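Subject: Structure for you, with some notes

Hi,

Here is the structure I promised to pass on. Have a look at it first, and then read my notes underneath.

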Amino acid sequence: MPGRQKKDGFSASRERMLTWDLKGRDITDPRVLAVMAEVPRDEFIPSSHQSQAYSDGPLPIGMGQTISQPYIVALMTQELRIDRGCDVLEIGTGSGYQTAVLSKLAKKVYTVERFGELAESAQAVLGRLGVSNIEFHVGDGSCGWPVPKLPPSGYFDRIMITAAVPQIPAPLAGQLVDGGFIVAPVGCRGSQTLVSCRKKEDKLIERIVCDVRFVRLLGKHGFEQ
Ligand code: SAH
């Protein structure tokens, strides 16, 4: 990241995260590992929890929301199979940490957050880190990205939902290109299954990855408030 010293006060704990929590489990994609080594998670964590910035657990980020644990961020990123040509839609900007990770692998990231306060603070951190290939939107991400602002192709190549959904919201499936992937925690309040879906001829072919626990996506095509 521009203007940031590589050898910072967190380098040892970041190294430990990479070795034990990511490589020591099933994160094998070298591009994902490189990005997880590069993006400073501490920048996205409130000052009250800085000492846990690289521990493998979710942490509070305000508004009753959480930043996901590093292993899950890496796993969802790996499952999305992003390349440099991809336009990626992320639902649930939160702290902006996952957004930063995606932005390092994709052409452009389009990210939607329900809380203006969280979107603003994520935008400030990402601006400070010099990340520029991101578009922000505040609103109900379960309805998809605003149509007038869609990428030139009219579709997203990849979609990641970082909050729990009862099922994949239909508007999101509709904005995914044929052959594209969508990764999301699907289930009920308190327990979900991480699924990776490939769109084929207007159908989503689903593969189960693992059990997860996310905060809920509240919205028209998500959970009711
Ligand atoms: N990716 C985030 C994790 C955030 S937790 C990170 O790395 O920090 C899930 C986020 O989804 C929360 O910020 C929550 O406010 C947001 N969210 C919930 N319902 C939403 C909706 N309908 N549209 C957009 N964002 C939503």
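A quick word on one term before I start: a residue is called buried when its relative accessible area is under 20%, and exposed when that value is over 50%. Please also keep in mind that this is a predicted model.

With that cut-off, serine 196 counts as buried, because its relative accessibility is 3%. You'll find serine 196 in strand β8, which covers residues 191-200. Setting aside residues up to four places away in sequence, serine 196 touches Glu79, Arg81, Phe181, Ile182, Val183, Ile205, Glu206, Arg207 and Val209.

Two of those names lead on to helix α3. Glu79 is one of the buried residues of α3, and Arg81 follows that helix, with a positive phi near 50°. What struck me about α3 is that eleven of its eleven residues are buried, so the helix is largely enclosed by the rest of the structure. Among them are some you might not expect on such a list, including Thr77, Gln78 and Glu79, alongside Ile72, Val73 and Leu75.

Next, strand β4. Threonine 111 sits in this strand, which runs over residues 108-113. Is threonine 111 buried or exposed? It counts as buried, because its relative accessibility is 0%. The side chain of threonine 111 still has a polar partner: it makes a polar contact with the side chain of glutamate 90, at 2.7 Å. Leaving out neighbours within four places in sequence, the contacts of threonine 111 are Glu90, Thr93, Thr99, Ile134, Glu135, Phe136, His137 and Trp145.

That last contact, Trp145, brings me to the aromatics. The structure holds four aromatic pairs. In one of them, the ring centres of tyrosine 110 and tryptophan 145 are 5.3 Å apart and the planes stand at 80°, so this pair is edge-to-face. The pair links distant parts of the chain, 35 residues apart: tyrosine 110 is in strand β4, while tryptophan 145 is in the loop between β5 (134-138) and β6 (156-161). Tyrosine 110 is buried, with a relative accessible area of 3%, and tryptophan 145 is buried too, at 1% relative accessibility.

Tyrosine 110 also pairs with phenylalanine 156: here the centres are 5.2 Å apart and the planes are at 70°, so this pair is edge-to-face as well. Since tyrosine 110 lies in strand β4 and phenylalanine 156 in strand β6, the pair ties together parts that are 46 residues apart in sequence. Phenylalanine 156 is buried, at a relative accessible area of 0%. Taken together, Tyr110, Trp145 and Phe156 form one aromatic cluster.

Finally, the pocket. The largest one has a volume of about 730 Å³. Its lining is made up of 40 residues, and those nearest the centre are Gln65, Thr66, Thr162, Ala163 and Val215. The elements that give two or more residues to this lining are β2 (65-67), α3 (70-80), β3 (87-91), α4 (97-103) and β4. Which element gives the most? That is β2, with three residues. As for character, the lining residues divide into 16 nonpolar, 17 polar and seven charged.

If you want to start somewhere on screen, try strand β4: it holds threonine 111 and it is among the elements that line the largest pocket.

Cheers

Technical notes:
Residues numbered from 1 in each chain as written. Heavy atoms only, no water. Helix = DSSP H or I, 4+ residues; strand = E, 2+ residues; numbered from the N terminus. Buried < 20%, exposed > 50% of the residue type's maximum accessible area, 1.4 Å probe, protein only. Polar contact = N/O pair within 3.5 Å; in protein donor to acceptor, adjacent residues only side chain to side chain. Contact = heavy atoms within 4.5 Å. 1 Å grid on protein atoms, 1.4 Å probe; cavity = no way out; pocket = protein on both sides within 12 Å on 5 of 7 lines; lining within 4 Å. Points joined across faces, edges and corners; volume = space filled by probe spheres on them. Nonpolar A, V, L, I, M, F, W, Y, C, P; charged D, E, K, R; others polar. Phe/Tyr/Trp six-rings, centres within 6.5 Å; stacked < 30°, edge-to-face > 60°.
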